[in-house]
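Trainee: I would like to learn how to read a structure of this kind, one feature at a time. Could we put it on the screen and begin?

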Amino acid sequence: MRIDIISVLPELMQSPFQTSILKRAMEKGLAEVHFHNVRDFATNKHRQIDDTPYGGGAGMVMMVEPLDLCISKLKAERNYDEIIYLTPDGTTLTQRIANRLSTFENLIFLCGHYKGIDQRVRDLHVTQEISIGDYVLTGGELAACVLADSVIRLLPGVLNDEQSALTDSFQDDLLSPPIFTRPEVYKGLGVPKVLLSGNFGAIEEWRHDEAVRITTERRPDLLENN
Ligand code: 6GU
């Protein structure tokens, strides 16, 4: 998979891709992430990329031309499955969306900044708009990192044990059951006996029951999807 990320602050997004699992995914050639600085596509002599909104109001708007030039250049080089604008007014990211995006070859993530982007960029190019939750960030960059992480970890070969993505919280609309490792007793707190029993049928049943119990307690809304 190839992801092209367009931003005014690409330096904000370096470390997540240079560490741990995402780094290994890149090194193995399973994912490529390319950053594009909008400033490089500015056309006037001040290298301007934002301007005041027509009609007035607070804040600046990212100009249509630099973004159009950047996206058009990429589109001329390859076919994109989706061009995603990261924005608080997009569809809230879910595991289902991450799963779907993980099946694609080429994606563009467009990070908004300031008050947002000129509507005509959305009309010309954007095929999907995604938010990572009901709160406001200073820009789409951190959201783009979250989205990229959620998608790249699903690519075949990225996780060591392919099972582990399948048993994630949310993958079956259930939260995860409690987990334990050594020691067997810590500060008087033990481990549920069933986990020490070696009875894998009983262990699976316990884990499922716990997952349902915790989901019922914390996120009953998830159970309605089943
Ligand atoms: Cl995608 N962008 C910004 N600026 N804030 C957000 C967001 C995105 N998702 C949640 N809050």
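Trainee: How do the residues of the shell around the ligand divide into nonpolar, polar and charged?

Mentor: The classes are fixed beforehand: Ala, Val, Leu, Ile, Met, Phe, Trp, Tyr, Cys and Pro count as nonpolar, Asp, Glu, Lys and Arg as charged, and the others, Gly among them, as polar. In this predicted model, the shell holds 7 nonpolar residues, 5 polar ones and no charged ones. A residue belongs to the shell if one of its heavy atoms lies within 4 Å of the ligand, and among the surrounding residues are L86, T87, P88, Y135 and A143.

Trainee: What should I know about the numbering and the confidence limits before going further?

Mentor: Residues are numbered from 1 along each chain as its sequence is written. The model is predicted, with local features needing pLDDT of at least 70, side-chain atom pairs counting only at pLDDT 80 or more, and totals for chains, interfaces and linings using all residues, while side-chain values use heavy atoms and leave out hydrogens and water.

Trainee: Which polar backbone atoms lie beside a nitrogen atom of the ligand?

Mentor: A polar contact is a pair of N or O atoms within 3.5 Å. A nitrogen atom of the ligand lies 2.6 Å from a polar backbone atom of Y135, and a ligand nitrogen is 2.9 Å from such an atom of I132. For S131 the partner is an N or O atom of the side chain, 3.4 Å from a nitrogen atom of the ligand. The protein covers 96% of the 290 Å² of accessible area that the ligand has on its own, as computed by the Shrake-Rupley method with a 1.4 Å probe.

Trainee: Which element gives the largest share of the shell around the ligand?

Mentor: Helices (H or I, at least four residues) and strands (E, at least two) are DSSP runs, numbered from the N terminus. Strand β5 gives the largest share, 3 residues.

Trainee: In what order do the strands form the sheet?

Mentor: Two strands pair if DSSP finds at least two bridges between them. Here 5 strands form an open sheet in the order β2-β1-β6-β5-β7, with parallel pairing. Because β2 (32–37) and β7 (128–131) each have a single partner strand, one side of each of these edge strands is left without a neighbour in the sheet.

Trainee: Where is the peptide bond that is cis?

Mentor: Most peptide bonds are trans, and most residues other than glycine have a negative phi. The bond from R182 to P183 is cis, with omega near 5°, and P183 lies in the loop between α6 (163–166) and α7 (200–218). S20, in helix α1 (residues 20–27), has a positive phi, near 60°.

How values were computed: Polar contact = N/O pair within 3.5 Å; in protein donor to acceptor, adjacent residues only side chain to side chain.
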